[in-house]
Amino acid sequence: MTVEQELKLIVNAIDDKRAEDIVVLDMKNISPVADYFVICEGNSEKQVQAIAREVKELAHEHELPIKRLEGFDAARWVLADLENVVVHVFHRDDRDYYNLEKLWSDAPKVEVEID
């Protein structure tokens with residue numbers, strides 16, 4: 001599976017859980033951490049956890065490595081590191097505070113088709 005196929009699977013999975021304001025940043029020439037950052041938000045702690053759980057289940061189903069899953073219990077900012085793609089799931093109330101899009105503003109945004 002290519003990184004782009006993995007990215008599309010992830011974006012579609014979080015969209016299925018009604019993640020809002022999904023942004024994909026191309027980090028290939030910006031950071032050695034990952035090829036892409038996916039940033040999204042949920043309206044409640046339960047929704048943030050549901051989105052993160054969906055990412056984890058998708059990774060297991062497609063045998064994608066999960067290097068790290070942090071913040072799940074607090075459900076304010078969950079980080080799921082899938083090696084090539086890092087998914088940031090924010091609670092709506094906290095996303096603006098951390099403002100990763102501004103922090104990584106030199107990273108180009110990528111459009112991913114949602115099925």
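Asp 21 is partly exposed, with 48% of relative accessible area (buried means under 20%, exposed over 50% and partly exposed in between, with a 1.4 Å probe and protein chains only). The structure is a predicted model, in which local features need pLDDT of at least 70 and side-chain atom pairs count only at pLDDT 80 or more, while totals for chains, interfaces and linings use all residues. Residues are numbered from 1 along each chain as its sequence is written, and side-chain values use heavy atoms, with hydrogens and water left out.

The side chain of Asp 21 meets that of Arg 95 in a salt bridge, at 3.5 Å from N to O. Here a salt bridge is a side-chain nitrogen of Lys or Arg within 4 Å of a carboxyl oxygen of Asp or Glu. Asp 21 belongs to strand 1 and Arg 95 to helix 3, so this pair ties together parts that are 74 residues apart in sequence. Helices (H or I, at least four residues) and strands (E, at least two) are DSSP runs, numbered from the N terminus. Unlike its partly exposed partner, Arg 95 counts as buried, at 3% relative accessibility.

A second salt bridge ends on helix 3 as well: Arg 76 and Asp 94 meet at 2.7 Å, N to O. Because Arg 76 sits in the loop between strand 3 (68-70) and strand 4 while Asp 94 sits in helix 3, parts 18 residues apart in sequence are tied together. Arg 76 is partly exposed at 27% relative accessibility, whereas Asp 94 is buried at 16%. Returning to Asp 21, salt bridges that share partners join this residue, Glu 41, Arg 95 and Glu 101 into one network.

Towards the start of the chain, the side chains of Glu 4 and Lys 28 form another salt bridge, 3.9 Å from N to O. Glu 4 is in helix 1 (residues 3-16) and Lys 28 in the loop between strand 1 (20-26) and strand 2, so the contact ties together parts 24 residues apart in sequence. Both ends are partly exposed, with relative accessibilities of 43% for Glu 4 and 39% for Lys 28. The count for the model comes to 10 salt bridges.

Aromatic rings offer a further set of contacts. A search of the whole structure finds 5 aromatic pairs. Rings of Phe, Tyr and Trp (its six-membered ring) pair if their centres lie within 6.5 Å; planes under 30 degrees apart count as stacked, over 60 as edge-to-face and the rest as tilted. One of the pairs is edge-to-face: Phe 37 and Trp 104 lie 5.8 Å centre to centre, with 90 degrees between the planes. This pair links distant parts of the chain, 67 residues apart, with Phe 37 in strand 2 (residues 36-42) and Trp 104 in the loop between helix 4 (100-103) and strand 6 (109-110). Phe 37 is buried, at 6% relative accessible area, while Trp 104 is partly exposed, at 23%.

Trp 77 and Tyr 98 have ring centres 4.7 Å apart and planes at 50 degrees, so their pair is tilted. With Trp 77 in strand 4 (residues 77-81) and Tyr 98 in helix 3 (residues 92-98), the pair therefore ties together parts 21 residues apart in sequence. Trp 77 counts as partly exposed at 29% relative accessibility, and Tyr 98 counts as partly exposed at 38%. Trp 77 and Tyr 98 also join Phe 90 and Tyr 97 in one aromatic cluster.
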